[in-house]
Amino acid sequence: PGISVDGGGHINMKGKNGVQILLDGRLQTLSSQQITSVLKGLDASIIKTIEIIANPSAKYDASGNAGIINILFKKSNSNGTNGSVSAGYQQMEHYRQNGAFNINNKSNKFNAFANGNYAKSLQFTKVNSERLLIDKSFIQSGIERQGFENPGIRSGFDYTINNRHKIGAVFNYNNLWDDFPSDASTVVLNNIKNDLIKTATIANLTENKFSANLNHQFSDTIGRSLSFDLDWLNYNSDLNNSVVNLLVNSNSKNSFSNKTSTGINLFAFKTDGSLKIKETIDLEAGLKFSASKTANLLNSVQTEGGQNPIIQFNDFNYDERIYAAYGNFNSKWNKKWNFQFGLRTELTKMKRLSVDQNRNQIAPPDTSYLNLFPTIYLRYQANDKHGFGISYNRRVDRPSFQDQNPYIYRVDYYV
């Protein structure tokens, strides 16, 4: 309830965007549209439960201003080998198919698992639009054809050393192929001369994402816990976009092509600890360090009739490091009141370098800033049916890595 996806692929919670997605408690550092593509490829049969965290505590990264969705995957707690396979096919005017498998092997202290998913679809969208300007109007009709393919696999293991210590590893690979060519006709009406534009558009996107996690967990029977996580992410994407316009009455032609490549490498280490004092007070504290390198290459060419082409080129490199620490206090009393206060501190350091088509380098001064993110929460549970709460938190809406160097995407001659 309260979760929606808009037409642009952005995930919203209670009408607000900036939702953070966790898979088994681990943050996915991708844009909202990319996360939506990953989720489209997941099969419901491998998901155990979905947690909605509307008011994240100081334990979680300060990014995002709408809340957190944590997707937990299935694991078996019984010895032996078990698994499942599922497949689906839908035929409307066009098709949609998906498949998934889940396998788990547990032997006393050792547990290994693997699950995979595959989704493929084809859909046609009829587009009709009318744009009005002061001196002219555009009446457009066309068909967009989208082919989508998204295979992925997730595997890992955990080993229980004793009743207090456990170690584990998780590996993820996801591939996305999205192809959406389109053809359109645009009638241009004005007071001087009418024209007809025939547009052929090609857009092809390929993404590859690989991530790995190593973890250690400690917990005892008196309410103490300590965990360590080491994460690595490698992400690559390539976008090819071309538009060819033929102005029929003017007997002229123009074209636009854009090739954008993005590469992201991310390393992160974090530790989280908790301590229970009596039955009513919980204390949490933790540290986190993350380092990322982003390389974004933009190369676009625009031609107009017989004129010289207009070239736009940019090779942008972005390095970012974030040092974070937090503390959190949670107290319950009288079985009706719940109070929570937390504070998260993040120090961000960044470097940027941009190179244009003439090999000119632009390197803004290195930047660093310190932010404090408090969280306060108070709730009164009057009875089983009614509860009242008030909360305050400060968060930051960071741009995605790809937004650091936005690319040009053309739909037709004018857009």
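How does the lining of the second largest cavity divide by class into nonpolar, polar and charged residues? It has six nonpolar, two polar and three charged residues. The model is predicted.

**Cavities**

The count comes to three cavities of 30 Å³ or more. The second largest cavity has a volume of about 50 Å³. Its lining includes P56, S57, A58, Y60 and A62. R344, F373, P374, T375, R394 and R395 also line this cavity. Strand β20 (residues 367-381) gives the largest share of the lining, three residues.

**A pocket**

The second largest pocket holds about 250 Å³ of space. It is lined by 19 residues, and those closest to its centre are S57, E284, N328, N330 and Q340. Six strands of the model deserve a look here: β15 (252-277), β16 (281-304), β17 (310-333), β18 (337-356), β20 and β21 (387-393) each supply at least two lining residues.

The table sets out the class counts for both linings.

| Lining | Nonpolar | Polar | Charged |
|---|---|---|---|
| Second largest cavity | six residues | two residues | three residues |
| Second largest pocket | five residues | 11 residues | three residues |

S57 appears in both places: it lines the second largest cavity, and it is among the residues closest to the centre of the second largest pocket.

**An open sheet**

Four strands form an open sheet in the order β4-β3-β6-β5, and their pairing is mixed. β4 (26-27) and β5 (47-53) each have a single partner strand, so one side of each has no neighbour in the sheet. Strands β3 (residues 19-23) and β6 (residues 67-73) run parallel, joined by five bridges. Q20 has I68 in β6 as its bridge partner.

How values were computed. Residues are numbered from 1 along each chain as its sequence is written. This is a predicted model: local features need pLDDT of at least 70, side-chain atom pairs count only at pLDDT 80 or more; totals for chains, interfaces and linings use all residues. Side-chain values use heavy atoms; hydrogens and water are left out. On a 1 Å grid over the protein atoms alone, a cavity is a set of points where a 1.4 Å probe fits but cannot get out, and a pocket is an open set with protein on both sides within 12 Å along at least five of seven lines; lining residues have an atom within 4 Å of a point. Grid points are joined across faces, edges and corners, and a volume is the space filled by probe spheres set on the points. Ala, Val, Leu, Ile, Met, Phe, Trp, Tyr, Cys and Pro count as nonpolar, Asp, Glu, Lys and Arg as charged, and the others, Gly among them, as polar. Two strands pair if DSSP finds at least two bridges between them.
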